[in-house]
Every structure is written in structure tokens, then in C-alpha cells.
Amino acid sequence: MSVLMTQHHAVYEDSGIEWLGAKPAHWALARIKEVAYINAKTLPDNTAPDYEFDYVDIGSVTYGVSGYTSEKMSFRDAPSRAKRIVRNGDTIVSTVRTYLKAVTQIGVADNLIVSTGFAVLSPHKLVDGSFFSKWLMSDVFISQVSAISKGVSYPATNATEIGNLFIFLPPISEQAGIAAYLDAKTKQIDRKIDLLTKKAEKYGALKKSLITETVMRGLDKTVPLKESGIEWFGQVPAHWKFKRLKELASIQNSNVDKKSDENEISVRLCNYVDVYKNEFIDSRLAKSFMWATADVAEVLKFGIKKNDVLITKDSETADDIAVPALVTETLDGVLCGYHLAQIKTNTKLLLGAYLFRLFQSESYGHRFEISAKGITRVGLGQSAIADAMTPIPSLEEQMSIAAYLNERTKIIDDIVQKINGQIKNLNDLRKSLINDVVTGKIKVVSEG
């Protein structure tokens with residue numbers, strides 16, 4: 001049985017590599033390309049169109065979390081970047097958008113293909129595969145991948161540069177002991193994370209159900225209902241009316257980019273990720289928005305005002321589109337950025353706070369999921385948003401619904417936040433454990 005002894009190794013020496021620092025004196029130092037095959041096999045261009053495989057793209061691997069998500073597809077329908085063949089025990093490391101730190105070991109690979117945005121690393125037989133993958137998942141290695149990447153918005157490196165990075169190599173028997181210990185400990189941590197993740201997902205589903213039920217049925221459960229005439233809406237209160245969104249609001253897709261020009265006005269941009277990750281946009285959040293510039297016409301057209309609803313109009317997948325955020329205060333000098341749609345409601349008919357919750361509901365959101373178009377990315381045209389049939393309770397009902405949901409969802413959000421805090425602590429423990437053991441800061445000793 002392997003147990004962790006918290007003492008250090010007997011003797012350390014300088015590795016000679018600044019970003020690595022000291023290493024146990026009896027450990028060797030090698031470049032990744034000296035101990036692993038890199039991108040050994042790729043799908044040929046003449047692959048049969050009907051050939052099916054599981055595909056993993058960059059956004060399908062989460063830093064510090066084991067495993068990945070994949071999508072089954074045929075060669076005919078696959079994006080051109082679906083090329084790299086993965087075998088059992090390989091480790092994949094992202095070479096594009098390296099800030100995501102996408103790296104994981106592949107256990108069983110059956111017809112698995114990954115994006116050319118990954119480097120596929122296959123350890124030589126003289127290296128323990130599990131130890132090798134743990135090294136690639138260590139903070140010290142991943143941080144160096146980020147450090148050698150070039151670019152601001154989409155930092156990237158390449159397989160050659162990754163191959164030139166270094167690895168500490170204990171004797172092979174010691175590698176196996178380290179790997180066995182880390183496998184056992186990370187599995188324990190992963191089980192706890194999995195249970196907490198499922199718990200958070202249940203609360204997320206409860207929140208979605210609560211929002212959907214409330215915005216489509218109202219708060220008074222005694223009122224008579226009528227068929228909405230829209231399949232995914234079902235029944236709604238009989239006194240509610242329907243109009244297309246364009247009859248209730250002005251809608252514009254932003255074209256303000258992230259570039260800066262010395263002849264333009266300095267502004268902050270509310271960008272895609274700011275909307276995707278936040279339900280409410282306010283002055284506190286705006287302090288973290290990026291700086292850019294815009295011309296006078298853009299400043300006048302895309303300035304963000306209180307009660308605006310911003311939605312993501314582009315996405316990797318159709319089921320993750322039209323994610324909304326509500327602007328809770330007028331933000332001078334802040335513009336709606338690219339890849340977003342900005343919706344300003346006619347407040348005599350429709351409140352932004354109610355429309356925001358409509359976009360969060362499964363019923364209203366389904367309209368945009370089926371309207372999204374594209375292959376490698378999907379997007380919503382302005383007409384797809386403008387033509388959405390929208391239920392219209394009275395303004396008093398809209399206000400009550402919004403207030404009720406603010407109160408009830410906050411309770412759920414607070415619970416989920418605590419769960420996510422626990423998950424973060426476990427992920428941090430997982431990462432620090434791997435890093436400290438594979439770099440020799442703490443020692444694994446086998447006992448009886």
C-alpha cells in the first residue's frame with residue numbers, strides 16, 4: 001500500500017530550468033519529445049465519408065477535472081480540424097486557447113478523434129503512462145504551456161514547442177508508485193466532486209423548472225388557462241396576449257469589435273463572456289470589462305441602459321444559445337460588444353426584468369435553439385429573435401413575477417454557490433496534490 005510521507009526527498013539539486021526549480025537529485029531531466037511520440041497518427045484526407053468516430057474539441061475538456069465530453073459524428077459531417085487519432089493511455093494538451101488549460105489523459109480510446117487544437121502525446125514504453133499524464137496535468141507544466149503561447153484573445157502554441165518542454169523522470173519503479181498513489185487519491189477526490197456536481201445540477205434543473213413554470217403560468221394558479229397555440233408553450237393564463245418580440249422591443253445585433261483606434265472614443269465593452277457568465281450587468285461588474293474604442297455612431301447606438309436585455313447570439317452548440325443578462329443600471333461609457341444582441345423593451349408593454357426571465361425559461365428558449373443556424377458554430381439572425389412569439393401578462397403581473405423569481409432563485413443560487421465552493425476546493429486540492437508529488441516537493445513511500 002502506498003502512503004504519503006510529508007517529508008522531502010533526501011537531496012535536491014537545481015534543475016537548471018528556471019520555471020522548474022529544484023528537483024530530487026536522483027531524478028533525471030528530459031524533454032517531452034525525448035520520452036513521448038507527438039501527434040503520431042492522423043486521419044487521412046481520403047477517409048471514408050461514412051466512417052464514424054467520437055470527436056473531442058477544445059471546449060470539451062475542463063482544467064483540473066478528469067475526463068472529457070465527446071460527440072459522435074461521421075467524417076462527412078466533421079469539421080476539418082477533426083484529425084488527430086487518440087489511442088489508449090494518450091494524453092491530450094490544448095495548443096490553442098491555452099488559457100483554458102485543456103489537458104486530460106484518455107483511458108480507453110475506441111475510434112476517438114480530437115481537434116488539431118490538441119497535441120496528442122503517447123509516452124514511450126520506458127515511461128510510466130500514468131505518471132507521464134500526471135506530469136502534463138501539473139500546474140508547473142500547464143503554466144509553462146500558457147507562458148510560451150502567443151496571442152492575446154486566442155493565445156496558442158504548437159506541438160513542437162510543447163515537445164521542447166521538460167519533464168522530471170524518477171526511476172521507473174518510483175514513477176509507478178507515484179502514479180498508483182495519485183490514481184487512488186484523485187479517484188477519491190473525483191468521487192466527491194461527482195456527487196457535489198450532480199447535487200448542483202439538480203438545483204440548476206430546479207431553478208430552470210421554477211422559472212419556466214412561473215413565466216408561462218404566472219403566480220395565480222386559480223386563473224383559467226387556454227391553449228397558447230405554440231407547441232412548446234402549452235397552456236397559458238387565458239387573459240394573456242401574445243405578440244412578436246419586434247412589436248414589443250427594439251432589437252439590434254452589435255458590431256462593436258475589440259480593436260482600439262486612437263481617433264475613436266475610449267469605451268468599455270460588455271462582451272460575450274460577460275453576459276454568458278453573469279445574470280445581471282451592473283457598475284460593479286463593468287469595472288472589469290475590457291477597454292476598447294468606438295466611433296460616435298457606435299457610442300450612441302450601442303450604449304447600455306438600465307433594463308436592457310443582452311443575449312448571446314452565437315454559440316458552439318444550439319442548446320447553449322440566447323443566454324440572457326439583465327442590465328440593472330445605466331452604464332455610461334459601456335457598449336454592447338460583438339456576438340451579442342441588445343434588446344430594449346417598450347416599457348408600456350414589456351418589462352426587461354420579465355423578458356430576461358423568459359429567455360431563461362425552457363419554453364421560450366426552445367424557439368432560439370431550433371432557429372440557430374450553422375455548422376462549426378451556430379448563430380441567430382436578427383429576424384429569428386424579432387419573430388419570437390412572446391407572452392404578455394399585465395405590467396403588474398410581470399413586475400410580480402420578476403420580483404418573485406429574484407427572491408426564489410437567489411435562495412437556489414446561494415446553495416449552488418456553496419456547493420461550487422466545495423467543488424473548487426476539491427479541484428484545488430487535486431491540482432496541488434498532483435503538482436507537489438510529480439515535481440518531488442513531497443515524497444511517496446511504499447509500505448507493506
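A crossing of two helices is left-handed if the near helix is turned anticlockwise from the far one by less than a right angle. In this predicted model, the crossing of helices α9 and α12 is left-handed.

**The helix crossing**

Helix α9 covers residues 352–360, and helix α12 covers residues 395–438. Their axes come within 8 Å and cross at roughly 60 degrees. That angle makes α9 oblique to α12. From α9, the contact uses Ala353, Tyr354 and Arg357. From α12, Gln398, Ile401, Ala402, Leu405, Asn406 and Thr409 take part. Sorted by class, the contact has five nonpolar, three polar and one charged residues.

**Strand pairing around β11**

Strand β11 spans residues 112–115. It pairs with β6 and also with β8. The table sets out both pairings.

| Partner of β11 | Residues of partner | Sense | Bridges | Residues facing each other |
|---|---|---|---|---|
| β6 | residues 52–56 | parallel | three bridges | valine 56 and valine 114 |
| β8 | residues 82–86 | antiparallel | four bridges | valine 86 and leucine 112 |

**An aromatic pair**

The structure holds 10 aromatic pairs. One of them joins tryptophan 27 and phenylalanine 168. A pair of aromatic rings is described by the distance of the centres and the angle of the planes. Here the values are 6.4 Å centre to centre and 70 degrees between the planes. The pair is edge-to-face, because planes over 60 degrees apart count as such.

Where do the two residues of this pair lie in the chain? Tryptophan 27 is in the loop between β3 (22–24) and β4 (28–31). Phenylalanine 168 is in strand β13, residues 166–169. The two are 141 residues apart, so the pair links distant parts of the chain.

Definitions and conventions
Residues numbered from 1 in each chain as written. Predicted model: local features only at pLDDT ≥ 70, side-chain atom pairs only at ≥ 80, totals over all residues. Heavy atoms only, no water. Axes fitted to C-alpha atoms, helices over the stretch in contact; angles between N-to-C directions. Parallel < 35°, antiparallel > 145°, perpendicular 65-115°, else oblique. Contact = heavy atoms within 4.5 Å. Nonpolar A, V, L, I, M, F, W, Y, C, P; charged D, E, K, R; others polar. Pairing = 2+ DSSP bridges. Phe/Tyr/Trp six-rings, centres within 6.5 Å; stacked < 30°, edge-to-face > 60°.
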